[in-house]
Structures are given as structure tokens and as C-alpha cells.
Amino acid sequence: MRYAILGDIHSNLCALEAVLAAIRGHEVDQILSVGDVVGYGAAPTECINLLREHEASVVMGNHDAAVVGELDPLFFNHHAKAAVEWTRAAISGEEMAWLTCLPYTWEDEFVNLAHGSYDRPELFNYVQTPADADSTLEMLERPVCFIGHTHVPVCMLRYADDPLRTGYSLDPEIDLGDAIVSLVNAGSVGQPRDDNPLTGYVLYDSETRVVTFRRLEYDIDREVHRIRSAGLPTVLAERLYLGV
């Protein structure tokens, strides 16, 4: 099974379009999204519709949950709160219903999916270090779980020759064949935060067990103009140039 995994899209239409165009060249069987389809950006309707058209399997992110009232955005900064309010007013009832129905986790025969940690997905805990990954790695029933939330691409994994130690890799291509379990952060389609403004996505082949991180250019200027024209906080546009 060949998968394309999309990290936090955050209503960035130009980035999502670029990623979907690139994915068409890989002949994937399934597109997965680790959530935060909306928030921050100014094209929530278009991004939701594209995922639905591509029959993507999607889990709920914290910004999705905040928009539909499943999560109190008490701890969101004021820019994020403004985007939540803007998104609520911008999307239709049908799109709101679609977001509301997103599950916290998803799985098939080969992979697990969540937004933050898989062990308590409704809390949207950040997995930023190998220690943060331990609670998820210890409960996985599939060889690999894909997550997002931090917007930083990384792989946390445990190998058979040292099963109690959690290591990590930032390599662009990782062979998981010798790993017992792995936790892969797909980074972010719409708002990278690893000091690299390029959009990104992940490919995974369940037969070869190879994970590949890909980055590509997209029309940032156009997306910045869209955010500014929508009246959203300017910082949400400017940060796209910096990858922060």
C-alpha cells in the first residue's frame, strides 16, 4: 500500500494544490491527513473540498476542533483565536458538519493516524522529543503512526536491537525495516515551522517500509495576498515566508 501523508494544511490552498499535483506523480493508493485542515489561512472551504474530492482519510486537529466547538481555544494566541472566529463565519453548514465528524484517530491494516499523541488524541499533546513519543510508541498495534501538530517533520522510532530506547531521525528518507514501531511527524503542508518555507508531504510504502519526506515550492505570494485580503492578522501571512 502506498500512502501520501499531509501534515497541517491550515487553509493554505496554494500549498495544498502544489502538494496534490506532486502526489499525482507517485501513484499512491491512499491520501491521509493528520488534521488541522483549517485555521490560520483563508481558504478553508477550498481545502476541505479538495480533501473530499480526493477521498482522503482525515483526523481531527486542534484547530478543526476549536472551529466546531469541540475544543475551547482558551490557550490559543490571539492570532489563532481570530482565525478560528473567521473560519467559523466563512465555512458552510455542510463543511462544519464534515469537520465535526472527523475522528480523533484512524487506522487500517498498516498504519495509525492522529494529530498529536496517539495515546490521548483528544488532548492534542505535542510530540517534540523522543520522551514525548514513548507513550504513543508503547501502545501502537501497527508498525507506524503518522502525526502532525508541531509542524516539524521528524521520525521517532524503536529498533529491535534496543527496544526500550527511542531514537529519532531527520533524514529525508528512512528505512523502517529494522524498527519495531515508528512515529512519523509529517510536518506541515500549509505552515511549516522548521525554518523552511517550502511546503511538504510524506510518502510511505507499507511493503518496503520506506518513509520519504518531500519539500517543494509553491506560490507563497498568492497565499499571502489571500490572507491579507481576508482581513486575517498580518502575521499569519508574513510567517509563511519564513517557515516559522
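**Figure 1. The whole chain, with contacts that reach far along the sequence.** Of the contacts in the chain with a separation of 6 or more, 72% are between residues 24 or more positions apart. Keep in mind that this is a predicted model. The chain has eight helices and twelve strands. Its C-alpha atoms fill a box of roughly 55 × 35 × 30 Å along the principal axes. For 244 residues, a compact globule would have a radius of gyration near 18 Å, and the 17 Å of this chain agrees with that. Buried residues account for 55% of the 244. The accessible surface adds up to about 10,500 Å², and carbon and sulfur atoms own 49% of that surface.

**Figure 2. The open sheet of six strands.** Reading across the sheet, the order is E3-E2-E1-E11-E12-E9, and the pairing is mixed. The edges belong to strand E3 (57–58) and strand E9 (173–175); each has a single partner strand, so one side of each has no neighbour in the sheet. How is E9 joined to E12? Three bridges do the job, and E9 and E12 (residues 210–216) run antiparallel. To find your way along this pair, look for Asp175, which sits opposite Val210 in E12.

**Figure 3. Helix H1 on the sheet.** Helix H1 (residues 13–23) packs on the sheet and touches strand E1 (2–6), strand E2 (30–33), strand E11 (199–205) and E12. The direction of H1 makes about 30° with that of E11.

**Figure 4. Ser182 and its surroundings.** Ser182 is part of strand E10, which covers residues 179–185. Is this serine, Ser182, buried or exposed? Ser182 is buried, with a relative accessible area of 0%. Neighbours within four places in sequence aside, Ser182 is in contact with Leu137, Leu140, Pro143, Val144, Cys145, Cys155, Met156, Leu157 and Leu176.

**Figure 5. Arg158 and its two acidic partners.** Side chains of opposite charge can pair when their charged atoms come close. The structure holds eleven salt bridges, and this view takes in the one between Asp134 and Arg158, where the closest N and O atoms are 3.0 Å apart. That pair links distant parts of the chain: Asp134 is in helix H6 (residues 130–137) and Arg158 is in strand E7 (residues 154–159), 24 residues apart. Asp134 is partly exposed at 23% relative accessible area, while Arg158 counts as buried at 8%. Glu138 also meets Arg158 in a salt bridge, at 3.3 Å from N to O. Glu138 lies in the loop between H6 and strand E6 (144–147), so its bridge to Arg158 in strand E7 ties together parts that are 20 residues apart in sequence. With a relative accessible area of 58%, Glu138 is exposed.

**Figure 6. A salt bridge within helix H7.** Here the side chains of Glu223 and Arg226 meet in a salt bridge, 2.9 Å from N to O. Glu223 and Arg226 are separated by about one helical turn, because they are three residues apart in helix H7 (residues 220–229). Glu223 is buried, with just 1% relative accessible area. Back in the previous view, salt bridges with shared partners join Asp134, Glu138 and Arg158 into one network.

Technical notes:
Residues numbered from 1 in each chain as written. Predicted model: local features only at pLDDT ≥ 70, side-chain atom pairs only at ≥ 80, totals over all residues. Heavy atoms only, no water. Pairing = 2+ DSSP bridges. Helix = DSSP H or I, 4+ residues; strand = E, 2+ residues; numbered from the N terminus. Contact = heavy atoms within 4.5 Å. Axes fitted to C-alpha atoms, helices over the stretch in contact; angles between N-to-C directions. Rg over C-alpha atoms; globule rule 2.2 N^0.38 Å. Buried < 20%, exposed > 50% of the residue type's maximum accessible area, 1.4 Å probe, protein only. Areas by Shrake-Rupley, 256 points an atom, 1.4 Å probe, with all protein chains shown as cover. Salt bridge = Lys/Arg side-chain N within 4 Å of Asp/Glu carboxyl O.
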